[in-house]
Protein chains: 2
Amino acid sequence: MLPRKPLDPWLEPPSSLVDARVGAHFCLTCAFSEACIAGGYDKPEQAELHCLVEHAGPFRGGEYIFRTGDPFRSIFAVRTGAVKTSVVDKDGREQVLGFYLPGEVIGLNAIYPDRFPCNAIALETVHFCRFSFPAMSALAARMPAVQQRLFRLLSKELGMASLLAGDHSADVRMAAFLTDLAHRYAVRGFSGTQFHLSMSRGDIANYLRLAAETVSRVLSRFRTQRLIELEGRELLLLDPDGLRELGQSLLSR
Amino acid sequence: MLPRKPLDPWLEPPSSLVDARVGAHFCLTCAFSEACIAGGYDKPEQAELHCLVEHAGPFRGGEYIFRTGDPFRSIFAVRTGAVKTSVVDKDGREQVLGFYLPGEVIGLNAIYPDRFPCNAIALETVHFCRFSFPAMSALAARMPAVQQRLFRLLSKELGMASLLAGDHSADVRMAAFLTDLAHRYAVRGFSGTQFHLSMSRGDIANYLRLAAETVSRVLSRFRTQRLIELEGRELLLLDPDGLRELGQSLLSR
DNA sequence: CGGTGCAGTTGATCCTGATCAATACACCGT
DNA sequence: ACGGTGTATTGATCAGGATCAACTGCACCG
């Protein structure tokens with residue numbers, strides 16, 4: 001049980017926070033925001049961009065957005081909810097590759113093989129903006145800003161992939177994971193110290209290449225060290241700097 | 001000591017093989033081959049492309065091609081030799097991110113931060129083709145084929161990054177590593193069963209997130225299992241299928 | 001020549017995190 | 001209320017690989 005005082009911020013659950021911002025601010029924090037709404041483009045070009053955007057969803061928790069091997073036609077920007085991507089090796093074991101939060105883009109690793117190389121599964125109810133990729137790359141050919149945005153998105157994801165590389169201790173991995181999540185929420189305009197873990201302990205463990213039991217233990221340890229408070233999946237970072245410090249060797253890239 | 005009979009192939013060292021092919025076939029196997037020489041483009045466009053290519057090197061083993069934080073201006077295609085990329089965390093420990101063989105491209109992960117996020121270090125004498133990235137992306141805007149090639153290269157590298165993810169045993173990692181190397185050599189027109197390991201045991205260990213001692217032990221084990229023959233850094237795959245089988249859980253992506 | 005330094009191999013021991021197992025708890029439909 | 005199911009936590013034991021250490025082979029060099 002958590003003490004009563006620090007619980008106060010949770011009396012307004014994060015989900016309401018999310019909902020409140022979605023309508024007003026989503027597009028501003030989306031990875032394509034500049035392309036979609038920012039000025040600087042001519043009106044006709046903006047119109048073209050909006051033509052290739054299409055809203056998709058909702059998908060309920062557990063539903064597949066796409067599956068390994070599906071033909072690649074579109075990339076997805078998460079509007080609300082959260083998504084995990086994963087592959088299943090031939091022995092049937094799942095490998096979680098990543099989590100995607102509102103404003104983030106899924107599907108870029110499908111460009112090369114021209115098929116989705118992984119599954120994307122909703123962790124909770126999810127809405128998307130769907131961008132037709134052929135249309136988008138055609139547009140990119142005429143709008144350098146769009147092309148550059150795509151290059152940068154791809155390159156950025158490349159940098160992210162090395163986050164879980166490295167032989168670091170369970171504590172370091174977890175600290176880096178929480179700090180990364182917090183940062184990503186903060187960038188999108190959500191609280192960077194208090195948020196909901198959309199994924200199960202098992203998914204976290206799988207992503208960090210740990211056992212679920214180890215995840216539990218590390219989180220318990222963090223709690224006794226007063227680094228975090230945690231009730232179920234509601235997380236409060238008590239000492240973000242301490243966590244960042246702990247995970248620094250993973251985050252410095 | 002290796003038995004005399006199986007050593008025969010090594011009487012002609014791989015390096016001569018490399019040299020023989022470089023002049024004639026390099027461009028054909030380079031990641032940019034289609035862009036650089038393939039037909040289908042108009043002559044003026046080809047001329048433009050050749051304008052932005054510039055030969056660089058040689059760099060001797062141990063020399064830096066670029067360093068973390070250097071401003072990003074060009075991407076590099078390896079012509080001869082081999083390169084490792086690595087980052088150094090704040091405690092001064094090196095983390096090897098990848099190895100690059102002839103025909104492969106370095107520097108794509110620098111697009112987003114606009115600075116190189118890692119060091120690139122020659123493992124042996126290296127020559128490059130250097131492509132100005134601003135010029136290249138400008139060209140991409142006019143030549144859809146170039147744009148698509150860049151997208152695909154980026155996306156492909158994205159898929160590669162997950163090779164060393166996953167909690168696999170030392171044997172599996174090593175088998176997957178050797179199989180991957182063999183495949184990449186084969187794709188570029190070199191022998192896929194017999195090649196030179198340009199990197200030290202320490203670098204391999206670092207890349208695979210193992211201790212150097214473990215690398216030694218695994219390689220010894222592979223040797224007694226008649227999967228490979230190994231003398232110094234000269235490698236012969238005796239049972240490529242066996243190795244592939246062993247590493248399959250890592251390679252299936 | 002012996003000296004020095006580095007890369008690699010092999011052996012002995014230790015520790016982190018996986019695995020097996022039991023329990024607690026929330027949520028569900030009947 | 002009752003199981004039934006899925007998720008999370010905690011404890012006990014075990015093993016794979018890290019670490020420490022000794023030793024070899026080899027290149028380089030004064």
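So, polar contacts across the interface: in this predicted model, the rule picks up three residue pairs in polar contact between chain B and chain A, with both residues at pLDDT 80 or more. And salt bridges between chain B and chain A? The count there is zero.

Okay, so which elements of chain B supply that side? The ones that give two or more residues to the side touching chain A are α5 (133-142), α6 (144-160) and α10 (240-251) of chain B. The top contributor is α6(B), with nine residues. If you sort the residues on that side of chain B by type, you get 16 nonpolar, ten polar and nine charged.

Now the overall numbers for this interface. On the chain B side, 35 residues are in contact with 34 residues of chain A. The area buried between the two chains is about 3,200 Å², and carbon and sulfur atoms give 66% of that. Three residues to click on here are B:Y112, B:F151 and B:L158: together they supply 22% of the area that chain B buries against chain A, more than any other three residues.

How are the two chains related? You can lay chain B on chain A with an RMSD of 0.0 Å, using a turn of 180° and a shift of 0.1 Å along the axis. That's the relation of a two-fold axis. If you want to find the axis on screen, go to B:A141, which comes closest to it among the residues of chain B, with its C-alpha at 2.2 Å. And 97% of the interface residues of chain B are also interface residues in chain A, so the copies meet through the same surface.

Let me step back to a single chain for a moment. Chain A has ten helices and eleven strands. Of its 253 residues, 51% are buried. If you take the contacts in chain A with a separation of 6 or more, 74% of them are between residues 24 or more positions apart.

Next, salt bridges inside the chains. Over all chains, a search of the whole structure finds 14. As a reminder, side chains of opposite charge can pair when their charged atoms come close. I'll go through three of them in chain B.

First up, B:R130 and B:E54, whose side chains meet at 3.4 Å, N to O. B:R130 sits in strand β8 (residues 126-132) of chain B and B:E54 in strand β1 (residues 53-59) of chain B, so this pair ties together parts 76 residues apart in sequence. Both ends are partly exposed: B:R130 has a relative accessible area of 27%, and B:E54 has 41%.

Then there's B:E104 with B:R184, where the closest N and O atoms are 2.8 Å apart. Here B:E104 is in the loop between β5 and β6 of chain B, while B:R184 is in helix α7 of chain B, so the pair ties together parts 80 residues apart in sequence. Buried or exposed? B:E104 counts as buried, at 11% relative accessibility, and B:R184 is buried too, at 10%.

That loop has another residue I'd like you to look at, B:L101, which is also between β5 (94-100) and β6 (105-106) of chain B. At 2% relative accessibility, B:L101 counts as buried. What does B:L101 touch, leaving aside neighbours within four places in sequence? The contacts are B:V78, B:G81, B:A82, B:L181, B:R184 and B:Y185. So B:R184 turns up again, as a contact of B:L101 and as the salt-bridge partner of B:E104. As for B:V78, it is 23 residues away from B:L101 along the chain, with the C-alpha atoms 6.5 Å apart.

The third salt bridge is B:D171 with B:R221, at 2.6 Å between the closest N and O atoms. This one links helix α7 of chain B, which holds B:D171, to helix α9 of chain B, which holds B:R221, 50 residues apart. B:D171 counts as buried at 17%, whereas B:R221 is partly exposed at 35%.

Over in chain A, there's a network of salt bridges linking A:K84, A:E94 and A:D203.

Last stop, helix α8 (residues 201-208) of chain B, which is mostly covered, with six of its eight residues buried. Those are B:D203, B:I204, B:A205, B:N206, B:Y207 and B:L208. They pack against β4 (83-88), β5, α7 (170-187) and α9 (212-224) of chain B. And just after α8(B), have a look at B:R209, which takes a positive phi of about 60°.

How values were computed: Residues numbered from 1 in each chain as written. Chains lettered and ligands numbered in written order. Predicted model: local features only at pLDDT ≥ 70, side-chain atom pairs only at ≥ 80, totals over all residues. Heavy atoms only, no water. Contact = heavy atoms within 4.5 Å. Buried area = accessible area lost by both parts, 1.4 Å probe. Salt bridge = Lys/Arg side-chain N within 4 Å of Asp/Glu carboxyl O. Polar contact = N/O pair within 3.5 Å; in protein donor to acceptor, adjacent residues only side chain to side chain. Helix = DSSP H or I, 4+ residues; strand = E, 2+ residues; numbered from the N terminus. Nonpolar A, V, L, I, M, F, W, Y, C, P; charged D, E, K, R; others polar. Least-squares fit on C-alpha atoms with pLDDT ≥ 70 in both. Buried < 20%, exposed > 50% of the residue type's maximum accessible area, 1.4 Å probe, protein only.
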